[in-house]
Amino acid sequence: MIVALILIALGACYFFYKYPVLRSTWYWPASKGFAALMYHHIGTITNPQDEQFPFTITPLMFEKQLLFLKQNGYSIIHEKDLLHARQTGHTHFDKPVLLTFDDGYADNYTVLFPLLQKYQAPALIFLVTDKIGTPGYLTWPQVREMQASGLVSFGSHTCSHQRLRSLSDEHIMHELTHSKQVLEEQLKSSVVSFCYPFGSGGFDPRVRPLVFKAGYALDFSTKKGINPWPWQGKKSILRAFPRGGETLWDYHLQLTRGRSKL
Ligand SMILES: [Zn+2]
């Protein structure tokens, strides 16, 4: 009897390992709410061994994802729609989705921006101010051109992309306020969104209040999940993380479960 149970358990482990679908979240109940998606690169890294592979969605797959959103009744919202919802409690959008891009990589201009224009899809890009204009990252003219399109808005991802929980209050405030000031000077408009590097500090009772003290209204974590809608901003925003190599089935799970893999 015990031997039979052990064999059944081993068999279950084998199937769990062998068939990835068993390791996905399809059997979780779907969450209705507001999905913020966390992207990094849109590009052509297709080698799974490359460390940037999970952070890179191919242009073809990204286009498929935009079509999936449009064909399945999702509303791709702009940062200002989220701010408006937070301030007024209005929930005009069905199945709201916000596309966010961390770190401000150069491909966000060369590859992503033409696709956003093609589908008239808004997006929010988080910039690390010390990196702007350095190799591999967006330049100020590119940032301004995207801003002028009305499709892309920009938030702060600090000055130097450090783990905020490891810094002193004073150092954190500098990362928060100086990056905001630099962005606002260059963009000639207010910057209301903040994204925690490595997700560090998003749920920390010391760090998070400093983000609001610095003048931000919206804060984005790296914790996976779907946010309640109407959204009150009591907690930092959860984000689903579509990874390189995933399918549209994964994408559906990301949008409805907040993650596709267990
Ligand atoms: Zn980052």
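A residue is counted as buried if 20 or more other C-beta atoms lie within 10 Å of its own, with C-beta atoms placed from the backbone. By this criterion, in the predicted model, strand 6 (residues 123–127) is mostly covered, five of its five residues being buried. Both faces of the strand are covered: Ala-123, Ile-125 and Leu-127 are buried on one side, and Leu-124 and Phe-126 are buried on the other. In a regular strand the side chains alternate between the two faces of the sheet.

Strand 6 pairs with strands 5 and 7. With strand 5 (residues 96–103), the pairing is parallel and comprises four bridges; here Ile-125 is the bridge partner of Phe-101. The connection from strand 5 to strand 6 passes through helix 4 (residues 107–119), forming a right-handed β-α-β crossover. Strand 7 (residues 152–156) also runs parallel to strand 6, and five bridges join the two. In this pairing, Ile-125 stands opposite Phe-154 of strand 7. From strand 6 the chain continues through helix 5 (residues 140–148) to strand 7, and this β-α-β crossover is likewise right-handed.

Residues of strand 6 also feature in the largest nonpolar core, which contains 55 residues. The members that touch the most other members are Ala-35, Ala-36, Leu-37, Leu-99, Ala-123, Ile-125 and Leu-127. In soluble globular proteins, nonpolar side chains tend to be buried together. When residues up to four places away in sequence are not counted, Ala-36 touches Leu-98, Thr-100, Phe-220, Asn-227, Ile-237, Leu-238 and Arg-239.

Technical notes. Residues numbered from 1 in each chain as written. Predicted model: local features only at pLDDT ≥ 70, side-chain atom pairs only at ≥ 80, totals over all residues. Core = buried A, V, L, I, M, F, W, Y, C linked by C-beta atoms within 7 Å. Buried ≥ 20, exposed ≤ 12 C-beta atoms within 10 Å, placed from the backbone. Contact = placed C-beta atoms within 7 Å. Pairing = 2+ DSSP bridges. Right-handed = clockwise from strand over helix to strand, strands pointing away.
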